[in-house]
Amino acid sequence: MNTDITENNSGPLIHVAPSPHVYSTQLTTRNMMRDVLISLVPVMLAALYYFRWLAVKQLFICVVSCLVAEAVFTRLRGRAISLKDLSAAVTGIILALSLPATAPWYVGVIGSTAAMGIGKMVFGGLGMNIFNPAMVGRAFVMIAFSGLLAASGYVAGGGVDIISQATPLTIYKQSGMVTPLPALILGKVNGSLGETSALACLIGGLFLCLRRTASWELSAGVLVGASIIGGVANVLNISNPWSVVHHLNSGALLFGAFFIATDPVTSPLTPRGKWIFGLGVGAFLMVFRLFSGYPEGLMFAVLLMNAVTPLLNRWTIPRPFGGA
Amino acid sequence: MAWFRQKYKDNIDPHAFPGNGTFAHGIHPPQCKDLAADSPIEIMPIPDKVVLPLLQHIGGPCAPVVKPKQTVRAGDLVGMGEAYVSASLHTPISGDVLKMAVTTLANGRHMQAIVIRSNGEQRTGQALWDIMFGGKWPQKEYQTLSPEEINAAIHDAGIVGLGGAAFPTHVKIDSDDRKPIEILMVNGCECEPYLTTDYRLMVEAPDAIVAGTMLAARAVRAKKAYIGIENNKLEAVESLRRAASGAGVKIAVVKTKYPQGSEKHLIKGVLGKEVPLGGLPSDIGVAMTNVATVTSVARGVMRNIPLTHRVVSVTGGGIVQPKNLLVPLGISMGALIAYCGGLRKTAARIIAGGPMMGFAFTNPDTPVTKGTSGITVLTHEEIRRVEQTVCVRCGRCVDVCPMNLVPTKIAMASRQNDFTLARKYNINACFECGSCAYICPAGLPLVQLIRTGKAQIAGAGR
């Protein structure tokens, strides 16, 4: 496309190209993925602090498996290997952080392969997938190994204290006992690796939103949606004494609001669409928590809203400047 | 901006959102105006010859009225704008008419051109500046002119919009009883990075701008006249404020943001009104022109001098000595670049206009036309862009689009030739400002794709 027009060999080489001729170079796909990795640091630190070597093992297995799976699948499709866009690493970390510490190694490997293969590559790779790859991977292993990923799967003996008891949402569902808020906020409870510390999720999430790498409308939508349904449930006495504040600080709600619902590829493009998507995730999540057999509903809520994202994009075409 | 409002309150209409008026979305590219902003306008020496394309404006080309070997004097009519949407052409230099030639404009269009060889018998230097911009601009003596008389003078002077689009001014200003004009808006935003021609004119020739604004307001029977300026040009604000005191022209200061100088977005910033989609400013009673254009209106009406020269910024990191030059139309771009010390070794792209919407060209013989607002020479570093990936649907383009469109959807629909979908996403509302492509983290050629789609739709409609 570029044309060499130098009049004589001594002059500079002049190109032509269509406008615009200047670009913002700070913002790249890779930098956005790097931001996500940075924002996940507090969450990973909390996981390492509470789950010790179990967290190390799970993160290592999932990241390596995702990178290998991406490399293999891109190779099969005859495309250039795309590991340096860091998106496979992000999927690996998010998948690992959404698994229980106790899940055996093959759960991570199979989950990662499903995430990259079924979640991403069959649709055409980065940017083309409809469903959040990490959640596809997690759904796959949850169905394949239902025992290992059900509420009971989280409990095990061994060197780490907090995995000796059930997750707060399960304890409440089974015995009505309410975990105190400070434990939920700091994360000294059982759960999937990344979800236990509300504080760590909040720190990382705020960083993402402030950098505008995550759209704040998505996170805010989830929080508002969950608060509304949770608040109504409180008023109607459906889930007391587990209050809406407990709901917001427990389970995968904050982790999902900041790191899963905010996946740009699988969420809407328009501000109005983003709000609807977030509200939908928050509301469905609460409905699942309150009325389903599962203690947690984030994964299904995100996958459900992913499915309607193309529709949301079409329904929320913004009013153009000067339009009626 | 409180201090600002205080300082300029006597000239600023309280309804004009002083200093704060703007539009939603937009971008903040590096302005890079300091390269040439402080260089006073220099008078370009007379070239050996000028090449005057018959089409330098939007509309029909003008018809040549001179023959080869004929001798012409500076200011003589050489091309007659016969169609309604057309503009006449006058020679900036005295000399002999040579054989007609075909030249290539910066936008790639081939066009017949009148070539004139100079005999050196015309004003230049300070004398040229004085008749163009200097001296007094006594508005009082012209208050008896009727709108028709003013418009006839504008028509005869071959004036077109000098902001870049080069739409014939007499058409814009022509009164239409169905669309009465309330407000004349003069654009002094110059939101394109690098360019400083309008800024220099506002600083150096404020009296001509105010006089031209008053005449143009009379011509359109406007009740109010505003000059809109971005708040990064305070020296221009101060200069115009002084010139406008008592004249009834309001100086409206708006936020510095690209593309604030788009006519629809300046109107939004100053008046808070939106021009309807697919409509024109006249639909809401506004006529729009530019600060450089009104100086030629003043000159044409008050001094009977046609549009033969314009101010051009020669700037960018690839130019040895960035300058603002008053140049005759038809001079070669290469002569301007040479006058500014030539290209640096790092130069990579030569643009007619600014970096956001200008046309890249390579032929140094390309002539300066009425619409040439600048020559921006960018270096490899300045045109560096991010590596292209697929769209990750981050929505940044949606966040910056001043027309509130979904650029990535329109671009992808265009790429797949799905023009129904592209239309549904209002493809024709796009004015190709380039904000989406500027911000895109995936480095996608969004504007190029949208432009292709628009061209295909326009082609299919014919």
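**Exercise 1. Disulfides**

Determine how many disulfides this predicted model holds over all chains, and examine B:Cys433 and B:Cys440 as cases.

*Solution.* Step 1. A disulfide is a covalent bond between the sulfur atoms of two cysteines. The cut-off applied here is a pair of cysteine sulfur atoms within 2.5 Å.

Step 2. For B:Cys433, the closest cysteine sulfur belongs to B:Cys401 and lies 6.4 Å away, which is too far for a bond. B:Cys433 is also buried, its relative accessible area being 6%.

Step 3. B:Cys440 likewise takes part in no disulfide, since the nearest cysteine sulfur, in B:Cys394, is 6.4 Å away. With a relative accessible area of 8%, B:Cys440 is buried.

Step 4. Over all chains, the count comes to 0 disulfides.

**Exercise 2. The interface between chain B and chain A**

Describe the contact between chain B and chain A: how many residues are in contact, how much area is buried, and which elements of chain B take part?

*Solution.* Step 1. On chain B, 63 residues are in contact with 44 residues of chain A.

Step 2. The size of an interface is often given as the accessible area lost when the parts come together. For these two chains, the buried area is about 4900 Å², and carbon and sulfur atoms account for 60% of it.

Step 3. The polar side of the interface comprises 21 residue pairs in polar contact, both residues at pLDDT 80 or more, and 2 salt bridges. One salt bridge joins B:Asp399 to A:Arg212, with the closest N and O atoms 2.9 Å apart.

Step 4. Several elements of chain B give two or more residues to the side that touches chain A, among them α8 (263-271), β16 (347-352), α11 (396-400) and α15 (446-461). The most is given by β16(B), with 5 residues.

Step 5. By residue type, this side of chain B divides into 35 nonpolar, 12 polar and 16 charged residues.

**Exercise 3. The helix α8(B)**

State how many residues of α8(B) are buried, and against which strands these residues pack.

*Solution.* Step 1. Of the 9 residues of α8(B), 7 are buried, and the helix is thus mostly covered.

Step 2. The buried residues are B:Lys264, B:His265, B:Leu266, B:Ile267, B:Gly269, B:Val270 and B:Leu271.

Step 3. These buried residues pack against β10 (183-187), β11 (224-230), β12 (249-254) and β13 (286-290) of chain B.

Step 4. Just after the helix, B:Gly272 adopts a positive phi of about 75°.

**Exercise 4. Two loop residues**

Decide whether A:Thr167 is buried or exposed, do likewise for B:Ser39, and identify what each one touches beyond its neighbours in sequence.

*Solution.* Step 1. A:Thr167 lies in the loop between α7 (146-149) and α8 (168-175) of chain A. Its relative accessible area is 9%, and the cut-off for buried is under 20%, so A:Thr167 is buried.

Step 2. Beyond four places in sequence, A:Thr167 is in contact with A:Tyr154, A:Asn190 and A:Gly191. The side chain of A:Thr167 also makes a polar contact of 2.7 Å with the side chain of A:Thr170. A:Ser152, 15 residues away in sequence, has its C-alpha 9.1 Å from that of A:Thr167.

Step 3. B:Ser39 belongs to the loop between α1 (2-7) and β1 (42-43) of chain B. At 17% relative accessibility, B:Ser39 counts as buried.

Step 4. Leaving out residues up to four places away in sequence, B:Ser39 touches B:Arg200, B:Pro322, B:Lys323 and B:Asn324.

Conventions: Residues numbered from 1 in each chain as written. Chains lettered and ligands numbered in written order. Predicted model: local features only at pLDDT ≥ 70, side-chain atom pairs only at ≥ 80, totals over all residues. Heavy atoms only, no water. Contact = heavy atoms within 4.5 Å. Buried area = accessible area lost by both parts, 1.4 Å probe. Salt bridge = Lys/Arg side-chain N within 4 Å of Asp/Glu carboxyl O. Polar contact = N/O pair within 3.5 Å; in protein donor to acceptor, adjacent residues only side chain to side chain. Helix = DSSP H or I, 4+ residues; strand = E, 2+ residues; numbered from the N terminus. Nonpolar A, V, L, I, M, F, W, Y, C, P; charged D, E, K, R; others polar. Buried < 20%, exposed > 50% of the residue type's maximum accessible area, 1.4 Å probe, protein only.
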